[in-house]
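Let's take a walk through this one together, starting with a single residue and working out to the whole chain. Keep the viewer open as you read.

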Amino acid sequence: MAQLRQDAEPSEAGLDARALERLDRHFAHEVDEGRLPGFLVAVARGGRVAHLTTYGQRDLAAGLPVEADTLWRVYSMTKPVTAVAALTLVEEGRLSLDDPVARHLPAFADPRVYVGGSGPQVSTRPAAGPIRVRHLMTHTAGLTFGFYHTHPVDALYREAGLESSVPPGKDLAETIEVYASLPLQFEPGTQWNYSVASNVLGRIIEVVSGQPLDAFFAERIFRPLGMTDAGFQVTDEQAPRLAELYGEQEGGGIAPVPGLPLRVGRPRFLSGSGGLAMSAHDQHRFMEMLRRRGELDGTRLLTADTVALMTRNHLPGGADLRSFGSRPAHDVPGNDGVGFGLGVSVVIDPARTQTPAGPGTYGWTGVASTAFFVDPGRDLTVQFMTQVRPRGSSGVFPALRRLAHEAVRD
């Protein structure tokens, strides 16, 4: 086990200590008001952690505090890890961004696109072109989530047992077959819709590499980077450090809710979309590899050119998520000025985001209100860990980005 530690003073890293205190106070207020159980926030420049704060509880009932070695379910922050894993195969020539998905997963050979109707009256037509690997990585494949409740195809996912993205008892390979049996919301490459695409990408990694996803992640990413706690399961030794998961309640406050079954051994379903747990140290190591353009402590996972490709906006014509996204992305004001790369969001117009984030800032969030971002222009990496599933959109990421950037002095 390795633990994240502060190794520089804010002033040494060109950060304003008083502004960082404002960041801490903002989130401490959320804890004191009962909206968060506790949190960890870390800010680094040039790879040196110049601000590390823990506050509140990782388990309210047990009275256990948040500590630097606490383990967190990062949910959708798994997606950038899956993207990096796929890109290692691209660099080896075993996979191409332009590969039709059906080349590796034959169930996707004849995708059909939604035309109209609902339920048993849904009408579809053959897709004009294939779903490609790049569509999965940019969430432009036409796939969706069953819990959106905004489109007739979402309802078809629920009818297929995909309310939580995976039919009970099925593994990744079996689940992908269910996805492939359902129509696409739109023609691949024509809109952005956050979806189960990273699970499909995870299965492609398994097929191409010949390894289960957890073994590939451990061998190719976690061990090389020294991410000593990251994984799809939590051992008996690790279990006391795992934070409890909470959910916002309709009447206010938070209460424990079911989370990933991390303590019951190796999960049957290995989710490339949201299955990982890790420590702040693990997340810092992963961000540092990206900040350093694919290399960390002499270990190179990706070339600098590949990281540049990953963290560049891939939406056609320089579009942002709000203009190119289908609902619900179209209705999220925070998507103004933000594009999407290969597994990460990318700031393309800071003025429209209404935050001081620099152009090219990239990162992502998790449904339990975790978040990370890297601002290459400022040599800045920031992470925030907590465990609350909000009832609506979380305000953590916009506040984190604004308050952290306000602390940058040079």
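Is serine 369 buried or exposed? Serine 369 counts as buried, because its relative accessibility is 5%, and the cut-off for buried is under 20%. Bear in mind that this is a predicted model. You'll find serine 369 in the loop between S14 and strand S15 (371–375). Its backbone is worth a look too: serine 369 has a positive phi of about 75 degrees, although it isn't a glycine.

**Positive phi elsewhere**

Most residues other than glycine have a negative phi. Glutamine 354 is another non-glycine with a positive value, with phi near 60 degrees. This residue sits in the loop between helix H11 (350–353) and strand S14 (362–365). Glutamine 354 is exposed, with a relative accessible area of 70%, whereas serine 369 is buried. Arginine 293, just after H8, also takes a positive phi, of about 60 degrees.

**The chain as a whole**

Now zoom out. The secondary structure comes to 12 helices and 17 strands. The radius of gyration is 20 Å, close to the 22 Å that the globule rule gives for 410 residues, so the chain is as compact as a globular protein of that length. Along the principal axes, the C-alpha atoms fill a box of roughly 60 × 45 × 40 Å.

How much of the chain is buried? Buried residues make up 57% of the 410 residues. On the outside, the chain exposes about 16,000 Å², with carbon and sulfur atoms supplying 48% of that area. As for charge, there are 40 positive and 46 negative charges, and their mean positions are 3 Å apart.

The contacts also tell you about the fold. Take the contacts between residues at least 6 apart in sequence: 67% of them join residues at least 24 apart.

**Two enclosed helices and a leucine**

Helix H8 covers residues 280–291, which is 12 residues. From its first C-alpha to its last it reaches 16 Å, close to the 16 Å expected at 1.5 Å a residue. What share of H8 is buried? The count is 12 of the 12 residues, so H8 is largely enclosed by the rest of the structure. The buried set in H8 includes charged-type side chains such as Asp282, Arg285, Glu288 and Arg291, and it also includes Phe286, Met287, Met289 and Leu290.

Helix H12 (residues 396–406) has eight of its 11 residues buried, so it too is largely enclosed by the rest of the structure. Among those buried residues are Val396, Phe397, Leu400, Leu403 and Ala404.

Two of these lead to helix H1 (residues 17–32), where leucine 23 lies. Beyond its neighbours up to four places away in sequence, leucine 23 touches Val41, Leu403 and Ala404. Leucine 23 is buried, with a relative accessible area of 0%. Pick threonine 124 for a sense of scale: leucine 23 and threonine 124 are 101 residues apart in sequence and 50 Å apart in space, C-alpha to C-alpha.

**Three loop residues**

Here are three more loop positions to click on.

| Residue | Loop between | Relative accessible area |
|---|---|---|
| Asparagine 313 | H9 (304–310) and H10 (321–324) | 17%, buried |
| Glycine 275 | S8 (254–256) and S9 (277–279) | 7%, buried |
| Proline 212 | H6 (197–209) and H7 (213–225) | 35%, partly exposed |

What does asparagine 313 touch, leaving out residues up to four places away in sequence? Its contacts are Gly318, Ala319, Gly339, Phe340, Val346 and Ile348. The C-alpha atoms of asparagine 313 and glycine 360 are 8.5 Å apart, with their positions 47 residues apart along the chain.

Glycine 275, on the same basis, touches Tyr75, Thr78, Gly231, Phe232, Leu260 and Leu262. Its C-alpha is separated by 21 Å from that of alanine 180, which is 95 residues away along the chain.

Proline 212 is in contact with Glu206, Arg266 and Leu270, again setting aside neighbours within four places in sequence. Proline 212 and leucine 172 are 40 residues apart in sequence, and their C-alpha atoms are 9.6 Å apart in space.

Notes. Residues numbered from 1 in each chain as written. Predicted model: local features only at pLDDT ≥ 70, side-chain atom pairs only at ≥ 80, totals over all residues. Heavy atoms only, no water. Helix = DSSP H or I, 4+ residues; strand = E, 2+ residues; numbered from the N terminus. Rg over C-alpha atoms; globule rule 2.2 N^0.38 Å. Buried < 20%, exposed > 50% of the residue type's maximum accessible area, 1.4 Å probe, protein only. Contact = heavy atoms within 4.5 Å. Areas by Shrake-Rupley, 256 points an atom, 1.4 Å probe, with all protein chains shown as cover. Charge placed at Lys NZ, Arg CZ, Asp CG, Glu CD. Expected span 1.5 Å × (residues − 1).
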